[in-house]
Structures are given as structure tokens and as C-alpha cells.
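Reader: I'm new to this one, so could you walk me through it and explain the words you use along the way?

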Amino acid sequence: MINQPVNGPESRLVQSFSIQGGDFHHAGHVSTQIKEILKELGIEPNLVRRAAIVAYEAEMNVVMYARHGTFILEVTPAEIRFQVEDEGQGIPDIELAMQEGYSTATPEMREMGFGAGMGLPNIKKNADCFQITSEVGKGTLLRITIFLNQKKAQ
Amino acid sequence: MKLAEIKELLRAEIIWGEEYLDHEINMACASDLMSDVLALGKPGMLLITGLATVQSVRTADIIEAKAILYVRGKKPDQEGIALARKKGIPLLSTEFLMYQACGFLFGRGLKSVKDEEVDR
């Protein structure tokens with residue numbers, strides 16, 4: 001794990017977090033930490049909030065649908081980047097998964113208040129750049145960017 | 001509307017956060033679906049929910065809700081309360097059903113996070 005402060009034009013912070021699939025009890029723990037880090041870096045509150053929502057949705061997807069995942073946070077002077085890679089069942093039809101309301105959630109996921117088919121659309125809504133690739137039976141990779149020096153409606 | 005008025009109106013119990021009762025709440029969002037709360041929630045709102053897992057507190061923290069009102073007498077466990085303390089999110093619990101709680105609050109002028117008029 002590399003953890004460096006962002007204090008110059010070339011400097012950046014990179015931090016990696018592990019997410020355990022199926023661990024509903026600790027789900028959201030990584031996102032809470034990421035939110036604290038972004039706040040401590042002095043990033044504008046609206047961007048911190050958008051980033052936290054994106055992180056939480058991405059983390060919940062790993063908890064719900066994968067065996068294990070790695071969440072890499074990178075902050076540069078220009079942007080916040082998330083790379084969320086999991087080992088899991090993958091997504092057979094990404095276009096369908098991106099539709100609001102489409103969900104393959106189990107009753108356990110719904111009892112936790114998740115699995116309403118809003119996760120990926122909500123990530124896209126709050127991100128400035130969003131890429132998703134997936135291989136059935138292997139896993140899913142999300143790359144998300146939020147720009148620090150621009151204005152986007154909430 | 002102050003949190004204290006919400007407490008009085010709904011005969012709610014303060015689970016934690018007595019010192020936040022003079023805080024002003026201007027809007028609310030009611031749902032048991034945290035996915036919807038993440039999609040629709042706004043900073044400073046009151047989260048009204050029947051979901052008393054620790055995820056309700058985590059979601060409130062992520063979207064920066066000002067307080068959580070649990071309906072039907074529900075309360076989070078000690079872990080949820082501890083997280084709410086750490087994050088400074090007051091917790092209330094009312095015996096009213098969600099529909100009743102929302103109706104009373106809306107009737108007193110507490111707006112929705114998505115404020116739209118209907119044809120009457």
C-alpha cells in the first residue's frame with residue numbers, strides 16, 4: 001500500500017482496499033474510509049459526497065455479487081480515480097445491468113436495503129468518466145473518474 | 001422545522017443526539033431501499049426508514065443526512081448507534097408507521113427531496 005499526501009502538481013495519493021464478497025455486515029466500511037480520506041485532503045464537499053456515493057455503490061456491488069474485490073483509490077491534483085476489480089460471476093449483459101431497476105439481487109441483499117437495480121446507473125450519474133468491463137465467470141472491472149477542477153450539476 | 005418539533009409531533013424517542021434537537025431540517029426522504037436513498041438523497045435531509053441495520057447509518061453518512069427517523073418503533077443495534085455517534089447523526093424512533101410519519105411531517109410543511117406539485 002502506498003499512501004502519500006497530495007501537495008504538489010505531480011504528487012498523488014494511492015491507496016488500496018480489500019473487499020470481502022458476501023460480508024454484508026462490513027459493507028460500506030471501505031467507502032466510509034475513502035470519504036474520510038477525501039475530506040482530510042480538503043476536497044470540495046460536493047465532490048466528496050459524489051465520490052462517496054460512487055464508492056459505496058461500487059463496494060456494495062462487490063459485496064453482493066463477487067467473492068473478493070480490490071478497491072484502488074487514487075487522488076491527483078486534477079482528479080479522483082477509483083479502480084474496482086472483483087473476482088466473481090461477472091455481468092452477462094452490461095447494457096441491461098445499466099438500466100435503472102434491473103436487478104438480480106437475492107432476498108438477503110434486499111433485506112439490507114440494496115439490490116434495487118440503481119447501483120450502476122447511480123455510479124454513472126455521479127461520475128465524470130465511467131468504464132465497465134466484465135467477463136462472465138471471472139469478474140468485473142470498474143474505472144471511475146471524478147474531476148476536481150470542474151463544475152457538474154448534482 | 002427543528003428536530004425537536006419532529007420529536008414532539010411524532011412522539012419520538014431520541015436514541016442518540018439530544019444535543020442536536022435545535023438543528024433545522026428542511027426536507028426528508030422516506031425509504032427502506034438504501035439504493036433509492038443513495039440515488040435521491042440530498043445533504044441535510046431527514047432520512048425516514050424502517051431499515052434498522054447499520055447500513056441505514058452508513059447510507060445516511062454517505063449522503064450527509066442530518067438525522068435518521070426510524071418508524072414502527074425500530075432501532076439500530078449498538079454498532080449502528082456507535083457509528084451514528086461517531087458521525088454526529090442523531091437517531092430518533094417513532095411508533096408511527098412510515099405512511100403516518102410522512103403524512104404528519106408533510107402536513108407540517110416538511111418538504112420532500114424531490115419537491116413536485118400534483119394536480120389537485
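Reader: At what angle do α3(B) and α4(B) pack, and how far apart are their axes?
Author: Bear in mind that this is a predicted model. In it, α3(B) and α4(B) pack at an angle of about 15 degrees, and their axes lie 8 Å apart.

Reader: What makes α3(B) roughly parallel to α4(B)?
Author: Angles under 35 degrees count as roughly parallel. The angle here is about 15 degrees, so α3(B) is called roughly parallel to α4(B). The crossing of α3(B) past α4(B) is left-handed.

Reader: Which residues make the contact of α3(B) and α4(B)?
Author: From α3(B) you get B:V54, B:V57, B:R58 and B:D61, and from α4(B) there are B:E79, B:G80, B:L83, B:A84 and B:K87. Sorted by class, that contact has four nonpolar, one polar and four charged residues.

Reader: Why are α1(A) and α3(B) called roughly parallel to each other?
Author: Same test again. The axes of α1(A) and α3(B) cross at roughly 25 degrees and come within 11 Å. The cut-off for roughly parallel is under 35 degrees, and therefore α1(A) and α3(B) earn the label. Their crossing is left-handed.

Reader: Which residues of α1(A) meet α3(B)?
Author: A:H29, A:S31, A:T32 and A:K35 do, and on the other side they meet B:R58, B:D61 and B:I62 of α3(B). The residues of this contact split into one nonpolar, three polar and three charged.

Reader: How do you know that the length of α1 of chain A agrees with what a helix should span?
Author: Helix α1 of chain A covers residues 29-40, which is twelve residues, and at 1.5 Å a residue they should span 16 Å. The end C-alpha atoms are 17 Å apart, so the two agree. Just after α1(A) comes A:G42, with a positive phi of about 80 degrees.

Reader: Which residues of α1(A) are buried, and what do they pack against?
Author: The buried ones are A:V30, A:S31, A:T32, A:I34, A:K35, A:I37 and A:L38. Within chain A, the buried residues of α1(A) pack against β1, α2, β2 and β3, and from chain B they meet α3 and α4. Here's a handy bit of background: an α-helix has 3.6 residues a turn, so residues three or four places apart point the same way.

Reader: What makes B:T94 count as buried?
Author: Buried means under 20% relative accessible area. B:T94 has 1%, so B:T94 counts as buried. You'll find B:T94 in the loop between β5 and α5 of chain B. Not counting residues up to four places away in sequence, B:T94 touches B:L10, B:A12, B:L69, B:Y70, B:V71, B:R72, B:G73 and B:A101.

Reader: And why is B:V37 called buried?
Author: Its relative accessible area is 0%, and the cut-off is under 20%, so B:V37 is buried. B:V37 sits in helix α2 of chain B. Leaving aside neighbours within four places in sequence, B:V37 is in contact with B:S31, B:M45, B:L47, B:T59 and B:I63. The C-alpha atoms of B:V37 and B:L69 are 14 Å apart, with these positions 32 residues apart along the chain counted as their separation.

Reader: How many helices and strands are there in chain A, and in what order do the elements run?
Author: Chain A has five helices and five strands. From the N terminus on, the elements of chain A go β-α-α-β-β-α-α-α-β-β. Of the 154 residues of chain A, 51% count as buried.

How values were computed:
Residues numbered from 1 in each chain as written. Chains lettered and ligands numbered in written order. Predicted model: local features only at pLDDT ≥ 70, side-chain atom pairs only at ≥ 80, totals over all residues. Heavy atoms only, no water. Helix = DSSP H or I, 4+ residues; strand = E, 2+ residues; numbered from the N terminus. Expected span 1.5 Å × (residues − 1). Buried < 20%, exposed > 50% of the residue type's maximum accessible area, 1.4 Å probe, protein only. Contact = heavy atoms within 4.5 Å. Axes fitted to C-alpha atoms, helices over the stretch in contact; angles between N-to-C directions. Parallel < 35°, antiparallel > 145°, perpendicular 65-115°, else oblique. Left-handed = near helix turned anticlockwise from the far one by under 90°. Nonpolar A, V, L, I, M, F, W, Y, C, P; charged D, E, K, R; others polar.
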